Amino acid sequence: MAYGAAAAHGEHDHHPTGWKRWVYSTNHKDIGTMYIWLSFVAAIIGGAMSWYIRLELAHPGIQYIDDFQFYNVLVTAHGFLMVFFVVMPAMIGGFGNWFVPLMIGAPDMAFPRMNNISFWLLAAALVLLVLSTVVGDGPGTGWTVYPPLSNANYQPGPSVDFGILALHVAGASSILGAVNFIVTIFNMRAPGMTMHRMPLFVWAILVTAFLLLLAVPVLAGALTMLLTDRNFGTTFFAPDGGGDPVLWQHLFWFFGHPEVYIIIIPAFGIISQVISTFSKRPVFGYLGMAYAMVSIGVVGFIVWAHHMYTVGLDADARAYFTAATLIIAVPTGIKIFSWLATMWGGSIEFETPMLCAIGFIWLFVIGGVTGVLLANAGIDFAMHDTYYVVAHFHYVMAIAAIFAMFAGWYYWIGKMSGRQYPDLLSKVQFWVFFIGVNVLFFPQHFLGLAGMPRRIPDYPDAYWGWNYVSSIGALITAVGTFMFFYIVWYTYRSGKPVTADNPWGEGATTLEWVVPSPAPFHTHEELPVIGSGGRPTTQAAPAE
Amino acid sequence: MGSGGKMLEKLKILVPFIALGVMASPIAASAEEGLAKPWQMNLQDAASPVMDKIHDFHSLLMVVMVGIVLFVLAILGYVCFRFSAKRNPVPSKTSHNTLLEVVWTAVPIVILIIIAIPGMRLLYFHDRAQDYEMTLKVTGHQWYWTYNYPDQGDFEFDSIPVPEGDLEPGQPRLLTVDNRVVLPVDTNIQVLITADDVIHNWAVPALGMKIDATPGRINERWVRIDKEGMYYGMCSELCGVYHSFMPIQVEAVSKEAFAKWVEQAQEEFAQNDGSSVNLVEAEQKSR
């Protein structure tokens, strides 16, 4: 109990109670908790949509969804929800808010009120996005919203405009959040917490915040142009007015590709913490790991057109984007090998978060190698817009990210709630979900190779077999998902209380494990002084 | 058809040879069938030089990908076994090793170069038509394709999907059209592609063909079909409500048969005879 005095003070602190505590919250932990709950809500909606899609696709012919616009709306909303309202809020808003200040020894975020507005903007955006699917015909454009299909001629009614507004509001939330993280990490590190002593999760959130800050405004600009195309007669993306539909694709993917890394880099951070903790070793090649994330972030901005190999780009342009994209495999490889090297020589405890981290490596490697294939413009002509791409990106950024979120939740829930998850049930949940997603997504590689296009409610009969297997996988995954939510409920209701500051033992060296469990309302009110290895050197805080 | 009959229909698909028997069309009984087979796990058989090269490249990539996955899996399995807390109670405190880090940066670079060289060759190989002998113009609409033969008298026809109820036995569902594209084998064909409403994508997997049909733009590809047969594809860019219902059906025939078909087609689709409609004008007309 290094911080006994500070902790006692924290527990005595007065904080608002009831709804005011949450609605008016300026506390990084409460806001982080709200982000995680928002992510749960969106995950249930987005997950239900994907199960409905898989139900339709379990057999050839039309089973349940005879309104194909509605099918396209499901595809669109599933993508938006999972990207903007499940993965980003949980990892950046949730774990980022909770643990960046704790890990760097800061009492809170730099701009607590801005933190509040970031969250509530996102909550409003979620409502707008869900509304967009029920007003008018819904946006049947895919999450890429390519014009002319997204223009007013082809998507009349207010749905797409609602969607654009939702993304604008979510984008504003992301930008404010990113500013908050950057300022906090640059200015509020405890004495001695140099940049090169920061935990890798903090590095991950820092890189992610920069990606958000630079990418989201581009999306906002493109969305505004689309909005005026739809409503005010401009023709940015309409060829009959001198515009160009391909311009949208360039702008969208200039945002969209960094967005992929916005999703996966925080996952890298979580996985690094978890693997280090349960191998009882510091992360192997710390500097390489930190700068691998930085270089993935930088290179991520100059590879966007690999999403556009079939639009008719010049061959030289495609050659460039192929080469640039392949380069990303190098820092990614550094990360994988460093995680393996961290485990090598470690003393590995197979607690549930560690299982999830190992699952993450497996999924990420499979998604990674298919990414190397897809990076080649030459072969992309066989794969573009097929289920191969669907399988690839679900492996590499969807389910890999979900496993990082599971790992983070199991790892930190004791600190966040003061209660521990049920051990055996959580391991069963891991296995059910892990088997489920592999049965779900692996056969989709075969479907894609055989030529099945994405975003179709019905398919030629030959694709039935693997689609059926894939839908069975979706069912198993659904069971795993509900088990997770049961575990969440069980943990809060009757999970074993966590009394130790650090329930994970010698491997957990970051600063969140020196404050009590559950973390009191205020922490690090007196700043710790950090020595080498990122550990506090003094029992008491230094004099001002 | 009752639900029992429907089930039976589906069971048939499970058995590849029955399904093949059902699908083999009387016209192309001995010819190539360019469509996916039940439980297919790999690319469709190649029927063009581009697809041939895609196959070769894919085989190379598979070796690399499977190799990397197995390598990582082996290490992962080994460390989980050897360095579990039970077998290795005292963790090592080594935190870096410069040589190792240089190696795992350099080796992937070498692997990437090995991949990139054939990848780039393939990319430039299928970029532009060389010495093409004829041109096919393709225009995408919501939700059908229009084909135009500028070198054979500039006739033009729409290719409308056949609804499920009107299919004849042997015609695959969601892949059959009323007027298919007929092309000669062993001929370098330039394909020019555009659209007049939203973005579509003209894709025929067995021919290695996939290119966006974008309004306001004309995209160019080339194809050379090696074997006579029927090749199927589907629109490969989300284009609205009936996106999954605008198939592409290409019939490759001998040069003589093609000449005969052209004579028939010129009569049948005579509305375009004599005019010199090109894609740009078609584009203007559609506005």
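Chain A and chain B bury about 7800 Å² between them, and 70% of that area is on carbon and sulfur atoms. This comes from a predicted model. Counted by residue, 93 residues of chain A are in contact with 88 residues of chain B. Which residues of chain A lose the most area to chain B? They are A:Phe284, A:Phe337 and A:Phe381. Together these three account for 8% of what the chain A side buries.

**Cavities**

Now look for enclosed spaces. The structure holds eleven cavities of 30 Å³ or more. The largest has a volume of about 170 Å³. Its lining is made of 18 residues. Closest to its centre are A:Tyr35, A:Ile92, A:Gly93, A:Ser173 and A:Ser174. Three elements of chain A each give two or more residues to this lining: α4 (68–104), α5 (112–134) and α6 (159–187).

The second largest cavity holds about 70 Å³ of space. Residues from A:Phe80 to A:Leu223 appear in its lining, among them A:Leu129, A:Pro139, A:Thr141 and A:Val145. The lining also includes A:Val160, A:Gly163, A:Ile164 and A:Leu167. Which helix gives the most to this lining? It is α6(A), with four residues.

What classes of residue line the two cavities? In the largest, ten are nonpolar and eight are polar, with no charged residues. In the second largest, eight are nonpolar and two are polar, again with no charged residues.

**A helix with a kink**

Helix α7 of chain A covers residues 200–231, which is 32 residues. From its first C-alpha to its last it reaches 45 Å. That is close to the 46 Å expected at 1.5 Å a residue. Where does α7(A) kink? The kink lies at A:Ala215 and is about 25 degrees. The proline A:Pro217 comes shortly after it. Past the helix, α7(A) is followed by A:Gly233, whose phi is positive, near 80 degrees.

**Backbone details**

Some spots in the backbone deserve a look. Two peptide bonds are listed here with their omega values.

| Peptide bond | Form | Omega |
|---|---|---|
| A:Ser517 to A:Pro518 | cis | near -10 degrees |
| B:Gln142 to B:Trp143 | cis | near -5 degrees |

Where do these bonds sit along their chains? A:Pro518 is in the segment after β2 (496–497) of chain A. B:Trp143 lies in chain B, in the loop between β2 (134–141) and β3 (144–149). The bond leading into B:Trp143 starts from B:Gln142, and that bond is cis.

A:Arg455 is another spot to find. Its phi is positive, about 55 degrees, although A:Arg455 is not a glycine. The residue sits in a loop of chain A, between α15 (423–449) and α16 (464–494).

Technical notes. Residues are numbered from 1 along each chain as its sequence is written. Chains are lettered from A and ligands numbered from 1 in the order in which they are written. This is a predicted model: local features need pLDDT of at least 70, side-chain atom pairs count only at pLDDT 80 or more; totals for chains, interfaces and linings use all residues. Side-chain values use heavy atoms; hydrogens and water are left out. On a 1 Å grid over the protein atoms alone, a cavity is a set of points where a 1.4 Å probe fits but cannot get out, and a pocket is an open set with protein on both sides within 12 Å along at least five of seven lines; lining residues have an atom within 4 Å of a point. Grid points are joined across faces, edges and corners, and a volume is the space filled by probe spheres set on the points. Ala, Val, Leu, Ile, Met, Phe, Trp, Tyr, Cys and Pro count as nonpolar, Asp, Glu, Lys and Arg as charged, and the others, Gly among them, as polar. The expected span of a helix is 1.5 Å times one less than its number of residues. The bend at a residue is the angle between axes fitted to the seven residues ending there and the seven starting there. Contact means heavy atoms within 4.5 Å. Buried area is the accessible area (1.4 Å probe) that two parts lose on being put together, summed over both.
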